[in-house]
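Colleague: Before I plan anything at the bench, I would like a close look at one part of this model, the largest pocket. What is its volume, and which residues and helices line it?

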Amino acid sequence: MGEQNSGGGRKAAEAAKRAPGGAAAGGRKAAGGAGAGGAKKAAPAKKKAVPAKSPATKKAAGAKTAAKKVATTKAATKKAGATNVTTKKAIKKKPVAVPEKGTADVKGASGVKTVSAKPPAAESRTALVRRARRINRELAEVFPYAHPELDFDNPFQLVVATVLSAQTTDLRVNQTTPALFAKYPTPEDLAAANPEEVEEILRPTGFFRAKTKSVMGLSKALVENYGGEVPGRLEELVKLPGVGRKTAFVVLGNAFGRPGITVDTHFQRLVRRWQWTEQTDPDKIEAEIGALFPKSDWTDLSHHVIWHGRRICHARKPACGACPIAPLCPAYGEGETDPEKAKKLLKYEKGGFPGQRLNPPQSYLDAGGKPAPPLGAG
């Protein structure tokens with residue numbers, strides 16, 4: 001029994017020893033397992049925590065973002081403004097005159113058809129050429145009998161009459177030249193004339209002393225340099241006293257049948273009014289208008305424009321209401337637009353009055369034109 005108790009005691013003691021050691025080992029193991037697992041789970045917790053944003057912080061961040069947007073917008077606006085300034089400067093280089101709108105009665109329409117003048121703003125070169133040529137075609141239908149309005153039988157008479165037409169009307173020249181050519185029919189006769197007698201004949205034309213000097217001088221030049229014949233070349237005509245490009249083209253176009261543009265006061269006024277050119281120098285006007293038309297049209301174009309300027313499109317009171325090309329004219333409305341009032345402004349055969357020539361072409365008479373009366377008649 002004793003051996004059993006002592007043996008059981010030893011067993012108990014050994015069990016007791018093993019128990020704490022095992023417990024400790026188990027505790028270490030448990031602790032180690034718990035520590036390893038805890039460390040792994042706690043690792044994410046070691047990251048820097050982001051504190052929740054307060055309302056004040058959010059407001060500050062929003063203000064900062066808004067400030068950035070404003071700065072960006074201002075920069076873009078400044079850049080756009082610079083572009084707009086450049087664009088405005090570019091536009092100022094080519095101003096476009098926009099005339100007031102107007103209306104006119106169009107013939108052949110049932111009742112009254114209202115048309116508005118369309119200003120050729122930013123008109124292309126092609127559009128300008130087409131409009132200019134259409135105006136010329138329209139005027140050719142209105143004035144099919146257009147002709148030079150100076151009476152003449154030969155180139156010498158035409159060049160003298162054209163020189164005399166400066167600062168006066170063709171009518172007054174036509175009433176004066178019959179007496180001049182009756183007494184001095186050739187360049188030789190006029191070159192050898194008494195200046196005082198010539199002045200007396202030319203007195204009605206105005207500036208008679210200067211004109212006497214010119215016609216006698218050109219007559220002398222014709223005799224000395226061209227055998228008493230009027231030259232048919234521009235370069236030679238402009239060398240004659242009192243003869244400029246305008247006079248030369250009148251002679252070339254109507255006495256020699258060679259195309260030329262006659263840039264007189266009526267022609268200058270109308271081509272600018274129609275915005276065919278902005279030039280004021282006659283030579284530059286001639287060049288720009290000549291480029292819009294075939295050379296074969298130049299002489300007739302001059303007649304059409306000049307006739308329209310004398311009869312309808314006057315300098316001070318254009319008869320817009322009676323104008324056949326009103327829909328094509330950017331200056332429509334500058335004159336009288338009422339058809340009845342405009343009709344009273346028409347001159348010469350358009351208004352039922354005599355023309356400027358004492359001896360007009362037969363085609364003019366056939367069209368209903370009346371010859372002008374001689375000087376001193378009525």
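Modeller: The largest pocket has a volume of about 840 Å³, and 40 residues line it, of which Lys-246, Asp-264, Thr-265, His-266 and Arg-310 are the closest to its centre. Please keep in mind throughout that this is a predicted model. Sorted by class, the lining of this pocket comprises 13 nonpolar, 16 polar and 11 charged residues. Five helices, namely α4, α10, α11 (265-273), α12 and α13, each supply at least two residues of that lining, and among the contributors α13 gives the most, with six residues.

One of these helices, α10, can be followed further into the protein. Helix α10 spans residues 245-255, and its buried residues are Thr-247, Ala-248, Phe-249, Val-250, Val-251, Leu-252 and Gly-253. Those buried residues pack against α4 (155-164), α9 (234-237), α12 (282-290) and α13 (298-311), so that α4, α12 and α13, which help to line the pocket, are also packing partners of α10. 

Just after α10 comes Gly-257, which takes a positive phi of about 70 degrees and lies in the loop between α10 and α11. Is Gly-257 buried or exposed? With a relative accessible area of 61%, Gly-257 counts as exposed, because the cut-off for that class is over 50%. The chain also brings Gly-257 and Gly-232 to a C-alpha separation of 9.6 Å, although their positions lie 25 residues apart along the chain.

A second loop begins from another of the pocket helices, α4. Ala-166 sits in the loop between α4 and α5 (170-183), and, at 34% relative accessibility, Ala-166 is classed as partly exposed, because that value falls between the 20% limit for buried residues and the 50% limit for exposed ones. Computed along the sequence Ala-166 and Lys-211 are 45 residues apart, whereas from C-alpha to C-alpha they are 8.9 Å apart in space.

The pocket should be kept separate from the enclosed space in the model. A search of the whole structure finds one cavity of 30 Å³ or more, and the largest cavity has a volume of about 110 Å³. Its lining consists of 14 residues, with Cys-313, Pro-318, Cys-320, Cys-323 and Cys-329 nearest the centre of the cavity. By class, that lining holds 11 nonpolar, one polar and two charged residues.

As for the setting of these parts, the protein has 15 helices and zero strands, and 36% of its 378 residues count as buried. Of the contacts between residues at least 6 apart in sequence, 58% join residues at least 24 apart. The protein exposes about 22,600 Å², with carbon and sulfur atoms supplying 56% of that area.

Finally, a word on confidence, which you will want beside the picture. The average pLDDT is 80, and 68% of the residues score at least 70. Over residues 1-9 the pLDDT stays under 50, and the model has one contact beyond four places in sequence for that stretch; over residues 15-51 the pLDDT likewise stays under 50, with three such contacts.

Terms used: Residues are numbered from 1 along each chain as its sequence is written. This is a predicted model: local features need pLDDT of at least 70, side-chain atom pairs count only at pLDDT 80 or more; totals for chains, interfaces and linings use all residues. Side-chain values use heavy atoms; hydrogens and water are left out. On a 1 Å grid over the protein atoms alone, a cavity is a set of points where a 1.4 Å probe fits but cannot get out, and a pocket is an open set with protein on both sides within 12 Å along at least five of seven lines; lining residues have an atom within 4 Å of a point. Grid points are joined across faces, edges and corners, and a volume is the space filled by probe spheres set on the points. Ala, Val, Leu, Ile, Met, Phe, Trp, Tyr, Cys and Pro count as nonpolar, Asp, Glu, Lys and Arg as charged, and the others, Gly among them, as polar. Helices (H or I, at least four residues) and strands (E, at least two) are DSSP runs, numbered from the N terminus. Buried means under 20% relative accessible area, exposed over 50%, partly exposed in between (1.4 Å probe, protein chains only). Contact means heavy atoms within 4.5 Å. Accessible areas come from the Shrake-Rupley method with a 1.4 Å probe; for residues, only the protein chains shown count as cover. pLDDT is the predictor's confidence in each residue, from 0 to 100.
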